[in-house]
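Me: Please take a close look at one part of this structure, the lining of the largest cavity. I would also like its surroundings covered.

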Amino acid sequence: MPKQDRAIRTRRMILLAAAKVFEERGYEAATISEILKTAGVTKGALYFHFQSKEDVAQGVLHGQDLQLAVPERSCKTQEVVDTVALQAYRMQIDPMVRAGARLSLDQQATDLDRSGPFLRWSEVIGELLEQGRERGELLSHVVPAQTAGFLVAAFAGVQSMSQVVSNYRDLDQRISVMLRHVLPSVVLPSVLTAVDLSAGRGAAVFAEAGGTPPEEEQEQEHAAPGRAPVAATG
């Protein structure tokens with residue numbers, strides 16, 4: 001395996017292990033030793049990629065960032081919906097996204113800057129809404145940056161409830177309901193009638209964008225105990 005590919009694989013292995021530990025133990029209680037044991041890597045390998053536990057946690061938080069390019073639409077409102085629906089679908093199928101979301105809401109992680117995902121998602125949604133405003137899709141009173149912040153906050157609340165109630169199995173449906181309640185106060189009715197708000201939208205966008213679901217077998221391999229530790233070179 002080429003050295004660069006091995007380093008990428010090792011970094012991913014560490015992040016998957018950290019995501020599992022953070023989700024089970026919380027940020028404050030989690031230790032580097034637990035992450036090393038779960039990942040099956042040496043301390044040198046971990047510190048080759050990350051400087052500290054906080055640095056590892058930031059890597060997990062970045063797992064929520066948009067990994068696929070949402071196809072551009074002639075209707076920017078549809079792009080907003082597709083971006084939100086795609087994130088909900090990723091949370092259902094990708095443990096890294098789920099762990100990052102739960103870490104973002106970890107109220108005990110007082111020493112960890114958890115603002116990044118909220119700010120990045122607010123910026124992404126805000127830019128799309130601004131483009132929609134320029135195209136005449138939004139109601140006159142709408143301030144894109146404020147609406148974006150509200151949508152991100154609403155998503156966080158909905159995904160948290162879905163996690164507790166159904167372990168994210170109903171997240172796509174709950175997000176569809178959220179959008180159906182919020183968007184009529186944001187988007188012109190004539191525009192909204194042509195927008196697809198269905199619960200299956202996220203899965204469709206994921207497939208259209210060329211997404212590949214994470215391989216569960218590979219995740220199990222990364223977390224399997226008893227493997228020979230990976231060296232510091234990655």
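**The cavity and its surroundings**

Reply: The lining of the largest cavity holds twelve nonpolar, five polar and no charged residues (Ala, Val, Leu, Ile, Met, Phe, Trp, Tyr, Cys and Pro are nonpolar; Asp, Glu, Lys and Arg charged; the others polar). This is a predicted model, with local features requiring pLDDT of at least 70 and side-chain atom pairs 80 or more, while totals for chains, interfaces and linings use all residues. Residues are numbered from 1 along each chain, and side-chain values use heavy atoms, without hydrogens or water.

Searching the whole structure gives one cavity of 30 Å³ or more (1 Å grid points where a 1.4 Å probe fits but cannot get out; lining atoms lie within 4 Å of a point). The largest cavity contains about 230 Å³, as filled by probe spheres. Among its 17 lining residues, Q87, W121, V152, F155 and A156 are closest to the centre. Helices α5, α6, α7 and α8 each give two or more residues to this lining (DSSP H or I runs of at least four residues). The largest share, five residues, is from α8.

Helix α8 spans residues 144-166 and includes Q159. Q159 is buried at 3% relative accessible area (buried is under 20%, 1.4 Å probe). Leaving out residues up to four places away in sequence, Q159 touches M91, A101, L105, Y168 and L171 (heavy atoms within 4.5 Å). With the same exclusion, L151 touches V80, I125, L129, M178, L179 and V182.

Note on methods: Buried < 20%, exposed > 50% of the residue type's maximum accessible area, 1.4 Å probe, protein only. 1 Å grid on protein atoms, 1.4 Å probe; cavity = no way out; pocket = protein on both sides within 12 Å on 5 of 7 lines; lining within 4 Å.
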